[in-house]
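Trainee: I should like to go through the terms applied to this model and ask what supports each of them.

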Amino acid sequence: MPSPDAQVNSALNIMRRMPPSKIQFNLSGLLNLMPDLTDELLQRVDQPLQTAKDKKTGKMYVLCDYNRDGDSYRSPWTN
């Protein structure tokens, strides 16, 4: 079995060859194939920013690690 570094490099090479317009779909598929590399790949593969709308105020906010709460995101407007 290849070393973890070799696996990460192979996964990154695959991501480089995939179309950038489908980065989230391709990354999700790769993470399903190699779940033990999830943390490493999520740190190294750039993903487009996502936004959400606060249900109470109607204001938009960026979904990021700073407002992540488990599987969901907290709004900075209503916390």
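The exchange below takes up burial, the nonpolar core, the strands and the pocket in turn.

Mentor: Please keep in mind that this is a predicted model.

Trainee: Why is Met-15 called buried?

Mentor: Buried means under 20% relative accessible area. Met-15 has 9% relative accessibility, so Met-15 counts as buried. The residue lies in helix H1.

Trainee: What makes Met-18 partly exposed?

Mentor: Partly exposed covers the range between the 20% limit for buried and the 50% limit for exposed. At 35% relative accessibility, Met-18 falls in that range and therefore counts as partly exposed. Met-18 is placed in the loop between H1 and H2, and its C-alpha atom is separated by 18 Å from that of Leu-37, 19 residues apart along the chain.

Trainee: Which residues is Met-15 in contact with, leaving aside its neighbours within four places in sequence?

Mentor: With those neighbours set aside, Met-15 is in contact with Ile-23, Asn-26, Leu-27, Leu-30 and Val-45. The term contact requires heavy atoms within 4.5 Å. By contrast, the C-alpha atoms of Met-15 and Thr-51 are separated by 23 Å, with their positions 36 residues apart along the chain.

Trainee: What makes up the largest nonpolar core?

Mentor: The core has 12 residues in all, among them Val-8, Met-15, Ile-23, Leu-31, Leu-37 and Val-45. Helix H1 (4-17) and H2 are the elements that give two or more residues to this core. Membership calls for buried residues joined through side-chain atoms within 4.5 Å. In soluble globular proteins, nonpolar side chains tend to be buried together. Leu-31, a member of the core, is also in contact with Thr-38, Leu-41 and Leu-42, its neighbours within four places in sequence left aside.

Trainee: How do you know that S1 and S2 pair?

Mentor: Pairing needs at least two bridges. Strand S1 (residues 50-53) and strand S2 (residues 60-63) have 4 bridges in the antiparallel sense, so the criterion is met. Thr-51 has Val-62 in S2 as its bridge partner, and Lys-53 stands opposite Met-60. The two strands form a hairpin with 6 residues between them, and Gly-58 in the turn has a positive phi of about 80°.

Trainee: What lines the largest pocket?

Mentor: This pocket has a volume of about 550 Å³. Its lining comprises 16 residues, and the closest to the centre are Leu-42, Gln-47, Asp-65, Arg-68 and Tyr-73. The lining divides into 9 nonpolar, 4 polar and 3 charged residues. Helix H2 (residues 23-33) gives the most, with 4 residues.

Methods:
Residues numbered from 1 in each chain as written. Predicted model: local features only at pLDDT ≥ 70, side-chain atom pairs only at ≥ 80, totals over all residues. Heavy atoms only, no water. 1 Å grid on protein atoms, 1.4 Å probe; cavity = no way out; pocket = protein on both sides within 12 Å on 5 of 7 lines; lining within 4 Å. Points joined across faces, edges and corners; volume = space filled by probe spheres on them. Nonpolar A, V, L, I, M, F, W, Y, C, P; charged D, E, K, R; others polar. Buried < 20%, exposed > 50% of the residue type's maximum accessible area, 1.4 Å probe, protein only.
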